[in-house]
Amino acid sequence: MKARVHVTLKTGVLDPQGEAVRHSLGALGFAGVGEVRIGKVIELEVAETDRAAAEARVREMCEKLLANTVIENYAVEIA
């Protein structure tokens with residue numbers, strides 16, 4: 001099964017990369033852009049055949065390695 005994990009910073013956590021992009025967009029003439037938040041997408045192929053088991057396994061991966069749960073949120077999609 002294929003899994004996709006979306007990792008984003010929690011609300012209130014400073015995002016210097018997002019702020020740099022917002023500033024650069026303004027400098028390029030793209031007015032009216034508010035807050036910009038940068039995240040990451042991780043795509044995995046897992047050997048599980050059961051959807052619920054695959055999601056549980058990927059969530060375990062997120063908790064242990066893929067996301068820093070102190071400052072990041074994650075969402076898992078199983079396809």
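# A chat about the core, the strands and a surface patch

Author: Let's start in the middle of this predicted model. The largest nonpolar core has 13 residues, and those with the most contacts inside it are Val-5, Val-7, Val-58, Cys-62, Tyr-74, Val-76 and Ile-78.

Reader: Nice! Which elements each supply at least two residues of this core?

Author: They are β1, α2 (51–66) and β3.

Reader: And which one gives the most?

Author: That is α2, with 4 residues. As background, nonpolar side chains tend to be buried together in soluble globular proteins.

Reader: Can we zoom in on Ile-78? Where does it lie?

Author: Ile-78 lies in strand β3.

Reader: Is Ile-78 buried or exposed?

Author: Ile-78 is buried, because its relative accessible area is 10%, and the cut-off for buried is under 20%.

Reader: What is Ile-78 in contact with?

Author: Setting aside neighbours within four places in sequence, Ile-78 is in contact with Met-1, Lys-2, Ala-3, Arg-51, Ala-54, Glu-55 and Val-58. Also, 8.9 Å separates the C-alpha atoms of Ile-78 and Ala-52, which are 26 residues apart along the chain.

Reader: Okay, over to β1. Which residues are on its covered face?

Author: Strand β1 covers residues 2–9, and its covered face has Ala-3, Val-5, Val-7 and Leu-9. On the uncovered face you'll find Lys-2, Arg-4, His-6 and Thr-8.

Reader: Why the every-other-residue pattern?

Author: In a regular strand the side chains alternate between the two faces of the sheet.

Reader: How many bridges join β1 to β2?

Author: There are 6 bridges between β1 and β2 (residues 40–45), and the two strands run antiparallel. One pair to look for is Ala-3 with its bridge partner Leu-44 in β2.

Reader: And how many bridges join β1 to β3?

Author: For β3 (residues 72–78) the count is 7 bridges, and it runs antiparallel to β1. There, Thr-8 stands opposite Asn-73.

Reader: What does Val-7 touch?

Author: Not counting residues up to four places away in sequence, Val-7 touches Gly-39, Lys-40, Ile-42, Leu-66, Ala-67, Glu-72, Asn-73 and Tyr-74.

Reader: Changing topic: which residues make the nonpolar surface patch?

Author: Leu-28, Phe-30 and Val-33 make that patch, which is about 310 Å².

Reader: Where is Val-33 placed?

Author: Val-33 is in the loop between α1 (16–27) and β2. Val-33 counts as partly exposed because its relative accessible area is 35%.

Technical notes
Residues are numbered from 1 along each chain as its sequence is written. This is a predicted model: local features need pLDDT of at least 70, side-chain atom pairs count only at pLDDT 80 or more; totals for chains, interfaces and linings use all residues. Side-chain values use heavy atoms; hydrogens and water are left out. Buried means under 20% relative accessible area, exposed over 50%, partly exposed in between (1.4 Å probe, protein chains only). Two strands pair if DSSP finds at least two bridges between them. Patches are made of residues with over 30% relative accessible area and no salt bridge: like charges are joined within 9 Å, nonpolar side chains (Val, Leu, Ile, Met, Phe, Trp, Tyr) within 5 Å. Accessible areas come from the Shrake-Rupley method with a 1.4 Å probe; for residues, only the protein chains shown count as cover. A salt bridge is a side-chain nitrogen of Lys or Arg within 4 Å of a carboxyl oxygen of Asp or Glu. A nonpolar core is a set of buried Ala, Val, Leu, Ile, Met, Phe, Trp, Tyr and Cys residues joined through side-chain atoms within 4.5 Å. Contact means heavy atoms within 4.5 Å.
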